[in-house]
2 protein chains.
Amino acid sequence: MEQTMKTIEIDESIYDLLLRNVNSFGETPSDVLARLLNLAPSGNGRRAASPTNQVSQETKTPIPTSPQNPIMGFLNSPDFLVHGYAVEKFLSILSWLYKRDPEKFAQVLLLNGRSRQYFGRSGEVLEASGNSVMPKRIPDTPYWVITNSPTQLKKQMMSDVMRLLGYDPASSRAAVDAVR
Amino acid sequence: MEQTMKTIEIDESIYDLLLRNVNSFGETPSDVLARLLNLAPSGNGRRAASPTNQVSQETKTPIPTSPQNPIMGFLNSPDFLVHGYAVEKFLSILSWLYKRDPEKFAQVLLLNGRSRQYFGRSGEVLEASGNSVMPKRIPDTPYWVITNSPTQLKKQMMSDVMRLLGYDPASSRAAVDAVR
DNA sequence: GAGCCGATCGGGGGGATGATTA
DNA sequence: CCTAATCATCCCCCCGATCGGC
């Protein structure tokens, strides 16, 4: 067990829970936790084989292919798949996001870069914040976005928008990957 | 909602797992654990048939999640969540603190390092106290802070500010953790 | 402004890292 | 001299916007 240990404080009720789940002599709180959380024990011993695990253990997100995710459905729909350019896809996704929750979408107005304003209620606002910003109206929406940016930045913007609007990482990743 | 706390040592891999499962600012390891261990079979739709993995808990008390004190509300608000950089978050929190009590905020002027002045009423004051100090105005505030410091020091500063302004440890910790 | 998209490259800033000092 | 904490240099990444490609 050559592992770095960390010390944390836990609520007594959790402590009790751990106690109740001690399975053999000599188990440390860490051992019990590892089992309960379904982690492979660090050094020794066996692990409880339990495939379905609720806890997100890795950063790797297995991308769901079926529309378990509302946005997946959209990203695979003809309406979206028509688009060829990254800009079109970018705008299209934003438009869909707006439609899903027009109120909350207003939050995107908070996003900006070092100097540029990323979103606005008019193209002029955006033009004022930088040069050759190429503002475009997000279709069927009262909002505008800047459009002159590396694809990588468009992805970044999409990621920020998704986070702000409260989407889960998987949906966010899907949307980001779709900007291309 | 005061609970006795217990201190335990856990494997670093578990610690990392907890970190990856932090859902909102201000959550303690205990909060995260509570959520993970408490997991109902499945939140949505189908249930994972994995009794092997089920935690024995006759605990009827739903384990408390993070208390909602005012600053946590802010830390989870769009206004704060927009920010990507540690500096931005740092400034944003300070701005919020100022707004809550502009008078008392003046206390921060007392904070300094070995040679550098940390806060001031102008950028020049701060520049005079060190090199490449990168003074920035705290938004919507007559105060400036130095900005060129390791994140760890920004956290320290935040901690000091919170203490000076009389915030409780939980709020302080939440603010400190949010600088990242 | 009006052709439009977006890669490329210059510039600037964040903040890690190594230096410095108590 | 050694350690811990602060300082500030400087690398790297990110953003901006020009300009090449279609």
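I take a polar contact to be a pair of N or O atoms within 3.5 Å, and I keep that cut-off in mind for the entries on the DNA. The model I am reading is a predicted one.

**Entry: DNA strand D**

I began with the contact of B:Asn131, where a backbone N or O atom lies 3.2 Å from a phosphate oxygen of DNA strand D. In chain A, I found a backbone N or O atom of A:Ser115 at 2.8 Å from a phosphate oxygen of DNA strand D, and a polar backbone atom of A:Arg116 at 2.9 Å from a phosphate oxygen of that strand. I then looked up the surroundings as a whole: 22 residues lie around DNA strand D, and those that come nearest are A:Ser115, A:Arg116, B:Arg114, B:Ser115 and B:Arg116. Sorted by class, the surface near DNA strand D is made up of 6 nonpolar, 12 polar and 4 charged residues. Of the atoms of DNA strand D within 4 Å of the protein, I note that 66% belong to sugar or phosphate, while the rest belong to bases.

**Entry: DNA strand C**

Around DNA strand C I have 18 residues, of which A:Ala86, A:Val87, A:Glu127, B:Ala86 and B:Val87 come nearest. Sugar and phosphate make up 63% of the atoms of DNA strand C that come within 4 Å of the protein. I looked next for contacts to the bases, and found an N or O atom in the side chain of A:Glu127 at 2.6 Å from a base oxygen of DNA strand C, as well as an N or O atom in the side chain of B:Arg114 at 3.4 Å from a base oxygen of this strand. On the backbone side, a polar backbone atom of B:Val87 is 3.0 Å from a phosphate oxygen of DNA strand C. The elements that give two or more residues to this surface are helix 5 (86–100) of chain A and helix 5 (86–100) of chain B. By class, I record 9 nonpolar, 4 polar and 5 charged residues near DNA strand C.

**Entry: the sheet of chain B**

In chain B I traced an open sheet of 3 strands, in the order 2-4-3 and with antiparallel pairing. Strand 2 (119–120) and strand 3 (136–137) of chain B are its edge strands, each pairing on one side only. Strand 3 pairs with strand 4 (residues 144–145) of chain B in the antiparallel sense over 2 bridges, and I noted that B:Arg137 stands opposite B:Trp144 in strand 4.

**Entry: aromatic rings**

The count over all chains comes to 11 aromatic pairs. I looked up the pair of A:Phe74 and A:Phe80, which is tilted, with 5.4 Å from centre to centre and 55 degrees between the planes; both A:Phe74 and A:Phe80 are buried. In chain B, I found that B:Phe25, B:Phe74, B:Phe80 and B:Trp96 form one aromatic cluster.

I also checked charges over rings between the chains: the charged end of A:Lys6 sits over the ring of B:Tyr15, 4.9 Å from its centre, and the charged end of B:Lys6 sits over the ring of A:Tyr15, 4.9 Å from its centre.

**Entry: A:Val133**

Is A:Val133, in the loop between helix 7 (123–128) and strand 3 (136–137) of chain A, buried or exposed? I count A:Val133 as buried, because its relative accessibility is 2%, where the cut-off for buried is under 20%. I also looked up A:Thr28, which is 105 residues from A:Val133 along the chain, and found their C-alpha atoms separated by 59 Å.

Methods
Residues numbered from 1 in each chain as written. Chains lettered and ligands numbered in written order. Predicted model: local features only at pLDDT ≥ 70, side-chain atom pairs only at ≥ 80, totals over all residues. Heavy atoms only, no water. Near = heavy atom within 4 Å. Polar contact = N/O pair within 3.5 Å; in protein donor to acceptor, adjacent residues only side chain to side chain. Helix = DSSP H or I, 4+ residues; strand = E, 2+ residues; numbered from the N terminus. Nonpolar A, V, L, I, M, F, W, Y, C, P; charged D, E, K, R; others polar. Pairing = 2+ DSSP bridges. Phe/Tyr/Trp six-rings, centres within 6.5 Å; stacked < 30°, edge-to-face > 60°. Buried < 20%, exposed > 50% of the residue type's maximum accessible area, 1.4 Å probe, protein only. Lys NZ or Arg CZ within 6 Å of the ring centre and 35° of its normal.
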